[in-house]
Number of protein chains: 2
Amino acid sequence: MKIAILLFDNYTALDVVGPYEVLSNIPNSKIYFTAEKPGLYKNNKGIQIFADCSLNDIEYPEIVVIPGGFGIDAILDNKEILKWVNAVHKKSQWTTSVCSGSLLLAAAGILNGRKVTTHWNRVEQLKKYPVEFVNERYVKDGKIITSAGVSAGIDMALYLVSLVVNENFAKAVQLAIEYDPKPPFDSGSPEKAHKEIVEMIKNAKSNKNK
Amino acid sequence: MKIAILLFDNYTALDVVGPYEVLSNIPNSKIYFTAEKPGLYKNNKGIQIFADCSLNDIEYPEIVVIPGGFGIDAILDNKEILKWVNAVHKKSQWTTSVCSGSLLLAAAGILNGRKVTTHWNRVEQLKKYPVEFVNERYVKDGKIITSAGVSAGIDMALYLVSLVVNENFAKAVQLAIEYDPKPPFDSGSPEKAHKEIVEMIKNAKSNKNK
């Protein structure tokens, strides 16, 4: 099973690696880090991940993962990438996004009329497309699964493994990555966080985490 | 604030990127991906992350993060790395590990007599060192913080941000990465998972997630 994870400059690293860590356990799978050109892709906080294949190198991945990040805005009108997204989506078994990666799927037109989600701070931007926003950790609509912000890609990927393999296998992956989360605080959603903290993130001139 | 994250072949990617995603929000911080030699470091599932500096390039990081992975065993007797771990630990403000990264700290001798934790499937191996194992998501003993398996690095890093900056800032980071986890299953620890699933992971010939 071929799994393509799109890379671009200024992706959010956990959007990429959360699903990677989970999906790479699927038996007989291979992950392809895919970008316009092979090479190192940076984000602004220092990490550099290597894209081992170009868009043309991988035409028919069974699973497509579009991560988000503040760099997503720069590729929403990138014709080559939009064309690739449409092409791979036509043949994919599953087309997925994490965080603001949903915006690229929306820009490609494939979320039209779909139930979708995204990072809480990108909801208004996503609603400009003809989609039905749902406030969930991840949302499946047909073969498309979109997830909420950053860390939600882990939850989405575990769910996807249960669909692609089976529930017991997904539970084994969860145990292998000891995903029994115990955040030290309860501030992970705008409903739970203090208002001032929500405003702090909303007003950050460059929120690097969406 | 200089933050060094050690890379080596066959690290677990989420051990690296969980703390990276969180700690890189610390104001005026810079992350250094540090390895024996600069270059690309692979894990067996395909991801390649670039190490931008060698052990000698970064002598006094304020925060040290040792990720785990099945490649950790191959460096437990690596004199250069052990020497570096001891050297940076002497001057660090915080020395941390994720998952089986604790074994490297133990091999370097700096966990002697300390309260520590690790991936659930590495506990027996860690107990061979003179440490006091504690079954928690992360454990602070002085300036050393060890975490449980893989995904626990996210929880540990949020806690560390609250110590380094303050609690409200840590909560803001949690909100930015929308860390409001909702795993689709409740199978993230050996206490919660079905016995057969625990045995499946224990008996896997090469468990790539520890």
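**Strands, helices and symmetry**

User: In this predicted model, what makes β10(A) and β11(A) a pair, and in which sense do they run?

Analyst: β10(A) and strand β11 (residues 144–147) of chain A are joined over four bridges, in the antiparallel sense. Pairing needs at least two bridges, so the two strands count as paired. Within this pair, A:V139 stands opposite A:T146 in β11(A).

User: Why is β10 of chain A called an edge strand?

Analyst: The open sheet has seven strands in the order β5-β2-β1-β6-β7-β11-β10 (chain A), with mixed pairing. β10 (138–141) and β5 (53–54) of chain A are the edge strands, as each pairs on one side only.

User: Why are α6(A) and α7(B) called oblique?

Analyst: Helix α6 (residues 167–176) of chain A packs against helix α7 (residues 195–203) of chain B at about 60 degrees, with axes 9 Å apart. Roughly perpendicular begins at 65 degrees and roughly parallel lies under 35, so this pair is oblique. The crossing of α6(A) with α7(B) is right-handed.

User: Which residues meet there?

Analyst: From α6(A) come A:N168, A:K171, A:A172, A:L175 and A:A176, facing B:I197, B:V198, B:M200 and B:I201 of α7(B). By class, this contact has seven nonpolar residues, one polar and one charged.

User: How do you know that the chains are related by a two-fold axis?

Analyst: Chain B superposes on chain A after a rotation of 180 degrees with 0.0 Å of shift along the axis (RMSD 0.0 Å). That is the relation of a two-fold axis. Both copies use the same surface, as 100% of the contact residues of chain B recur in chain A.

Note on methods. Residues are numbered from 1 along each chain as its sequence is written. Chains are lettered from A and ligands numbered from 1 in the order in which they are written. This is a predicted model: local features need pLDDT of at least 70, side-chain atom pairs count only at pLDDT 80 or more; totals for chains, interfaces and linings use all residues. Axes are lines fitted to C-alpha atoms, for helices over the stretch in contact, and angles run from 0 to 180 degrees between N-to-C directions. Helices (H or I, at least four residues) and strands (E, at least two) are DSSP runs, numbered from the N terminus. Angles under 35 degrees count as roughly parallel, over 145 as roughly antiparallel, 65 to 115 as roughly perpendicular and the rest as oblique. A crossing is left-handed if the near helix is turned anticlockwise from the far one by less than a right angle, and right-handed if clockwise. Two residues are in contact if their C-beta atoms, placed from the backbone, lie within 7 Å. Ala, Val, Leu, Ile, Met, Phe, Trp, Tyr, Cys and Pro count as nonpolar, Asp, Glu, Lys and Arg as charged, and the others, Gly among them, as polar. Copies are superposed by least squares on the C-alpha atoms of residues with pLDDT of at least 70 in both.
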